[in-house]
Amino acid sequence: MIKLYENGVYLLNGTEIVEDTGNTQVPISKEEAARNTIAYGILKAHNISDNMENLQIRFDKLASHDITFVGIIQTARASGLQKFPIPYVLTNCHNSLCAVGGTINEDDHMFGLTCAKKYGGAYVPPHQAVIHQFAREMMAGCGKMILGSDSHTRYGALGTMAMGEGGPELVKQLLNKTYDIKMPGVIAIYLDGEPMKGVGPQDIALAVIGAVFKNGYVNNKVMEFVGPSVKKLSADFRIGIDVMTTETTCLSSVWTTDEKIEEFYEIHGRKEEYKELNPGAAAYYDGCVYVNLSEIRPMIAMPFHPSNVYTIDEVNANLKDVLHDVEQKALVSLDGAVEYSLQDKIRDGRLYVEQGIIAGCAGGGFENICAAADIIKGRNIGSDTFTFSVYPASMPIYMELVKNGAVADLLEAGTVVKTAFCGPCFGAGDTPANNAFSIRHTTRNFPNREGSKLQSGQISSVALMDARSIAATAANKGYLTPATAMDVEYKGQKYHFDGNIYANRVFDSHGVADPDVEIQFGPNIKDWPEMSELPENLIVKVVSEIHDPVTTTDELIPSGETSSYRSNPLGLAEFALSRKDPAYVGRAKEVQKAQKAIEAGTCPLDALEELRPVMETIQKTYPGVGERNIGVGSTIFAVKPGDGSAREQAASCQKVLGGWANIAVEYATKRYRSNLINWGMLPFLTDADHEHLPFKNGDYIFVPDVRKAVEEKAEVIKAYVVGDGLKEIDLKIGDLTDAERQIILDGCLINYYKSTM
């Protein structure tokens with residue numbers, strides 16, 4: 001079904017894979033062939049430096065939604081923003097229910113609209129489109145690059161290299177700076193065969209995620225989709241696979257393009273954005289994932305990660321064993337915070353689920369919903385526990401589904417059809433009952449993504465599936481069913497895009513700024529607090545220790561109702577690690593008292609009495625270290641933090657609570673590490689075995705001459721665990737650009753721009 005090549009490969013004429021065994025005979029050198037990938041060509045066209053090893057990228061367009069754009073614009077304003085220098089679209093698809101925290105969600109929307117007017121952007125009102133569907137319909141272009149403040153910024157199927165990053169990276173673009181990365185590796189995703197009837201894009205995506213996530217095969221690389229079977233997939237089908245590439249931890253994606261993509265642009269009135277993209281006659285890739293589409297069956301990603309994949313047939317055939325395996329994994333994911341069992345989901349030897357949802361940038365596409373309507377037409381979901389909700393990804397899609405009768409078929413069957421909304425994807429919509437099991441064609445199924453509150457004893461489970469198999473399960477009134485088991489005639493309706501919906505409702509400045517517009521602030525919208533530069537010497541206390549194999553950004557700052565507070569840095573910080581380590585905030589604040597005393601010019605030892613013996617121990621060896629040349633703050637340890645969302649708040653919340661660093665064995669994603677750096681936090685790495693760390697929760701770590709070490713690009717930074725004496729340990733911070741070093745030295749991106757603009 002899926003094969004991972006151990007070595008790099010040459011792709012000849014777009015069809016023939018030749019593995020690089022060291023003596024492979026090909027017509028050109030490896031270096032020349034590596035320049036023949038689609039990805040290389042796009043990156044070269046957007047690199048403003050003359051160095052293709054260290055890229056400085058300028059994007060064509062930017063996109064944000066309503067739980068990221070306030071913080072981004074506030075940061076940019078504090079750094080000197082005058083107008084948006086490139087097209088910037090502000091969508092409202094996350095906090096669009098306006099159901100939490102009084103007026104604060106709609107206040108954020110009004111902030112976005114007035115900023116679009118003042119700085120020359122575009123504003124998409126709530127319920128019109130989810131961020132990525134609007135980008136596909138109105139922003140993408142072959143050979144273009146888009147940067148979005150959402151991790152699923154993926155438009156590769158449309159020939160657009162798109163990347164999801166934390167807000168500070170968008171701030172850099174708004175201030176005419178660059179996105180600086182080393183030239184990424186490029187992995188060929190070679191598609192062969194043809195999907196069988198009933199298999200959808202989520203099935204293909206989950207199969208690939210299952211094959212590459214755990215081994216990091218595509219981590220921080222570009223996935224380039226090639227091979228003879230790309231042309232056998234519709235544009236919608238390709239988009240459905242592509243959006244899920246984020247869950248592999250790749251950097252970005254891009255596909256070959258053809259007449260089906262040309263038709264997509266033509267349907268949306270933007271045919272001029274199309275051009276054919278193909279690799280050169282001989283292209284070299286750093287690896288290859290061979291995918292035989294014909295052999296993939298309907299898949300399910302069981303709780304609590306998109307890589308926890310099985311075929312639906314496997315689950316049904318080995319139900320008790322699979323559920324037991326999930327329960328065992330839950331002991332790690334949930335830290336034993338709640339009792340967790342799935343055995344009650346077995347009814348008469350079958351798996352019963354309580355909820356089905358098709359939504360968002362992954363599930364809400366036209367073809368997915370049409371197929372679901374075809375499956376459930378003439379059937380019904382019954383009147384028991386099971387519920388079924390469908391969210392078209394944009395109003396133009398919704399309108400066409402109304403016109404072609406799909407909505408009527410869904411409604412008659414008992415489906416609830418709602419407006420464009422991302423809530424079911426991040427825990428802010430359709431939260432099921434306690435202990436319920438939900439199947440969703442969305443992007444993630446981490447803990448809390450379904451709205452659980454472990455600290456309140458509330459837990460439910462999400463499994464990811466394709467819309468077709470969700471509809472088949474709905475047609476069987478909640479009993480898990482693969483779509484391949486259904487005898488269905490798929491109509492294959494043609495899509496017609498009505499651009500008047502956007503023309504009549506979306507505000508587009510067409511790049512014209514109006515500086516006279518007053519920004520509308522709500523009472524929850526707060527400025528970032530002042531942040532100190534990196535001190536000469538640093539004392540950090542370990543205030544949380546996480547030994548899970550991977551720590552997601554949802555665990556660092558939970559999603560769901562907390563999203564309403566993302567315009568208030570201090571208010572949001574109260575939720576940091578609240579579902580993973582509820583004591584974290586209190587511990588971090590206690591340590592922060594010392595730093596606040598230093599900043600106020602008073603004695604930190606008076607503010608934090610426990611620091612007194614720590615300083616006494618340090619001064620025995622370093623008598624010159626005192627309150628005038630130290631900083632005091634907190635750090636967390638996690639084995640592999642940062643999987644999942646691009647949200648910068650996973651780092652900024654730690655920073656505003658006095659965080660100076662993270663310590664990790666490795667970082668799950670580039671974007672989380674970048675968020676740490678942009679908020680002036682040291683991305684420390686340790687080579688120590690995480691089960692036998694030289695420090696523990698509650699320990700103080702002293703890092704002498706830390707500022708000098710960053711300035712002088714030290715590869716290894718000497719630090720000391722403070723106890724009865726000083727126990728030496730080694731920390732590393734990995735590769736940093738000169739700008740990244742200066743951001744850390746200045747204390748955060750805002751300070752960096754204040755000093756340079």
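Helix α3 (residues 69-78) lies across β5 and β6, running at about 140° to β6. That's a handy place to start looking, with one caution: this is a predicted model.

Stay with α3 for a moment. How many of the 10 residues of α3 are buried? Eight of them are, which leaves the helix mostly covered. The buried ones are F69, V70, G71, I72, I73, Q74, T75 and A76. As for what does the covering, β5 and β6 are part of it, and so are α4 (104-119), α6 (167-174) and α28. After α3 comes G80, and the phi of G80 is positive, near 110°.

Now look at the strands under discussion. Strand β5 (residues 61-64) pairs with strand β6 (residues 88-91) in the parallel sense, over three bridges. If you want a spot to zoom in on, find A63, whose bridge partner in β6 is V89. Both strands belong to an open sheet of six, ordered β9-β8-β5-β6-β7-β25, in which the pairing is mixed. The edges of this sheet are taken by β9 (161-164) and β25 (507-508); each has a single partner strand, so one side of each is left without a neighbour in the sheet.

There's another open sheet to visit, this one with three strands in the order β3-β2-β14 and antiparallel pairing. Here β3 (16-19) and β14 (282-285) stand at the edges, and because each has a single partner strand, one side of each has no neighbour in the sheet. From one strand to the next, the twist averages 25°. Strand β2 (residues 9-12) runs antiparallel to β3, and four bridges join the two. One pairing to look up is Y10, whose bridge partner in β3 is V18.

Back to α28, which we met as part of the cover over α3. Two packed helices are described by the angle between their axes and the distance between the axes. For helix α27 (residues 738-746) and helix α28 (residues 749-756), the angle is about 100° and the axes are 7 Å apart. α27 and α28 are therefore roughly perpendicular to each other. On the α27 side the contact is made by A739, Q742, I743 and D746, and on the α28 side by L749, N751, Y752 and S755. Sort those contact residues by character and you get four nonpolar, three polar and one charged.

Next, the charged pairs. Side chains of opposite charge can pair when their charged atoms come close. The structure holds 31 salt bridges, and a few are worth pulling up on screen. In one of them, the side chains of R444 and E247 meet at 2.9 Å, N to O. This pair links distant parts of the chain, 197 residues apart: R444 sits in the loop between β23 (437-441) and β24 (461-464), while E247 sits in the loop between α8 (235-242) and β13 (252-255). Are these two buried or exposed? R444 is buried, and so is E247.

D409 and K377 form another salt bridge, with the closest N and O atoms 3.2 Å apart. Again distant parts of the chain are linked, here 32 residues apart: D409 is in helix α15 (residues 406-412), and K377 is in the loop between α13 (366-376) and β21 (387-390). D409 counts as buried because its relative accessibility is 10%, whereas K377, at 43%, counts as partly exposed. K696 pairs with D699 too, their closest N and O atoms being 3.3 Å apart. D699 is buried, with a relative accessible area of 14%. And there's a network: D344, K345 and E354 are joined into one by salt bridges that share partners.

Finally, a few backbone oddities. Most residues other than glycine have a negative phi, and most peptide bonds are trans. Against that background, have a look at N176, where phi is positive, near 65°. N176 lies in the loop between α6 and β10 (179-182), and at 45% relative accessibility N176 counts as partly exposed. N435 also has a positive phi, near 70°. You'll find N435 in the loop between α16 (423-426) and β23, partly exposed with a relative accessible area of 36%. Which way does the peptide bond from P303 to F304 go, cis or trans? This bond is cis, with omega near 5°, and F304 is in the loop between β16 (299-301) and β17 (309-311).

Technical notes. Residues numbered from 1 in each chain as written. Predicted model: local features only at pLDDT ≥ 70, side-chain atom pairs only at ≥ 80, totals over all residues. Heavy atoms only, no water. Pairing = 2+ DSSP bridges. Axes fitted to C-alpha atoms, helices over the stretch in contact; angles between N-to-C directions. Parallel < 35°, antiparallel > 145°, perpendicular 65-115°, else oblique. Contact = heavy atoms within 4.5 Å. Nonpolar A, V, L, I, M, F, W, Y, C, P; charged D, E, K, R; others polar. Salt bridge = Lys/Arg side-chain N within 4 Å of Asp/Glu carboxyl O. Buried < 20%, exposed > 50% of the residue type's maximum accessible area, 1.4 Å probe, protein only.
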